[in-house]
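Me: I should like to learn how to read the features of a structure model one at a time. Could we begin with the terms and then turn to the case at hand?

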Amino acid sequence: MNVYEMLSRDNYLTVNKLVMKKLGIYESILLSELCYRRQFLARADKLTEDGFFYATVEDVEEETTLSDYSQRKILEKLAQMGIVEVERRGLPAKRYICIHEQALQFLMDS
C-alpha cells in the first residue's frame, strides 16, 4: 500500500465532537463505527425486521482497534443510557445491535 492509499479518507473514522464531549472518545469511536455499519446495512436492506444488525467483535476491532473487552464495556455503558441494545441471536450465537435513534437524538439535543 502506498502512502496515498494509506492516508486516503477511506482509512479514517469520523467522530462527532459533540458526541465525544458527551460520551467520551472511545464511546464516540465505537458509536461512529456502529452508525456507519447500520447505515450501510440499511441501504443494503440487511437490517432485521426489528432494526438490529450483526456486528462481529473481530470486524469492529479491525476498524476501531477496540478490543473485545473494550467493546463490551462501552456497549454496556451505551445500553445503560438507552442508546443501544445488544442481543445474542442465532446458532451459533452472534452479536446483534440496535441503535435507538430517539435516545441518540435526545443525547444530541441535550
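Reply: Helices are DSSP runs of H or I with at least four residues, and they are numbered from the N terminus. The model shown is predicted. In it, Leu23 is found in helix α2, which comprises residues 17-23.

Me: Is Leu23 buried or exposed?

Reply: The cut-off for buried is under 20% relative accessible area. Leu23 has 5% relative accessibility and therefore counts as buried. Leaving aside residues up to four places away in sequence, Leu23 touches Leu31, Lys77, Leu78, Met81, Ile83 and Leu107.

Me: How far apart are the C-alpha atoms of Leu23 and Glu62?

Reply: Their separation is 22 Å, and the two residues are 39 residues apart along the chain. Glu62 is exposed, whereas Leu23 is buried.

Me: Glu62 brings us to helix α4. Which residues of helix α4 are buried?

Reply: Helix α4 spans residues 57-64, and Val57, Val60 and Thr64 are buried there. These residues lie on the same side of α4, because they cover an arc of only 70° around the axis. Glu58 and Glu62 are exposed on the other side of α4.

Me: What covers the buried residues of α4?

Reply: The cover includes α3, α5 (68-80) and β3.

Me: Strand β3 leads to the sheet. What is the order of the strands in the sheet?

Reply: The three strands form an open sheet in the order β1-β3-β2, with antiparallel pairing. β1 and β2 are the edge strands, each pairing on one side only.

Me: How many bridges join strand β2 to strand β3?

Reply: Six bridges link strand β2 (residues 84-89) with strand β3 (residues 94-99), and the two run antiparallel. The register can be followed through individual partners. Val84 stands opposite Ile99 in β3, Val86 stands opposite Ile97 in β3, and Arg89 has Lys94 in β3 as its bridge partner.

Me: How many bridges does the pairing of β1 and β3 have?

Reply: β1 and β3 pair over two bridges, in the antiparallel sense. Phe53 stands opposite Ile97 in β3, and Ile97 also has Val86 opposite.

Me: Why is β3 described as largely enclosed by the rest of the structure?

Reply: Five of the six residues of β3 are buried, so the strand is largely enclosed by the rest of the structure. As a general guide to reading side chains, those of a regular strand alternate between the two faces of the sheet.

Me: Let us turn to the backbone. What should one expect of phi and of the peptide bond?

Reply: Most residues other than glycine have a negative phi, and most peptide bonds are trans. Several places here can be read against that background. Asp45 has a positive phi of about 55° although it is not a glycine. Asp45 is located in the loop between α3 and β1 (53-54), and is exposed, with a relative accessible area of 68%.

Me: Where is Thr65 placed?

Reply: Thr65 is in the loop between α4 and α5, and follows α4. Thr65 is not a glycine, yet has a positive phi of about 70°. At 67% relative accessibility, Thr65 counts as exposed.

Me: What is found in the hairpin of β2 and β3?

Reply: The hairpin has four residues between the strands, and Gly90 takes a positive phi near 80°. A cis peptide bond joins Leu91 and Pro92, with omega about -5°. Pro92 lies in the loop between β2 and β3.

Me: The last feature is a pocket. Which residues line the second largest pocket?

Reply: The lining consists of Thr14, Val15, Asn16, Val19, Ser28, Leu31, Ser32, Cys35, Leu104 and Met108. The second largest pocket holds about 190 Å³ of space. Leu31, in this lining, is also one of the residues that Leu23 touches.

Me: Which element gives the most to the lining of the second largest pocket?

Reply: α3 gives the most, with four residues. Both α3 (25-43) and α6 (101-109) supply at least two residues each.

Me: How is the lining of the second largest pocket composed by class?

Reply: Six of the lining residues are nonpolar and four are polar, with no charged residues.

Methods:
Residues are numbered from 1 along each chain as its sequence is written. Side-chain values use heavy atoms; hydrogens and water are left out. On a 1 Å grid over the protein atoms alone, a cavity is a set of points where a 1.4 Å probe fits but cannot get out, and a pocket is an open set with protein on both sides within 12 Å along at least five of seven lines; lining residues have an atom within 4 Å of a point. Grid points are joined across faces, edges and corners, and a volume is the space filled by probe spheres set on the points. Ala, Val, Leu, Ile, Met, Phe, Trp, Tyr, Cys and Pro count as nonpolar, Asp, Glu, Lys and Arg as charged, and the others, Gly among them, as polar. Two strands pair if DSSP finds at least two bridges between them. Buried means under 20% relative accessible area, exposed over 50%, partly exposed in between (1.4 Å probe, protein chains only). The arc is that of the directions from the helix axis to the C-beta atoms. Contact means heavy atoms within 4.5 Å.
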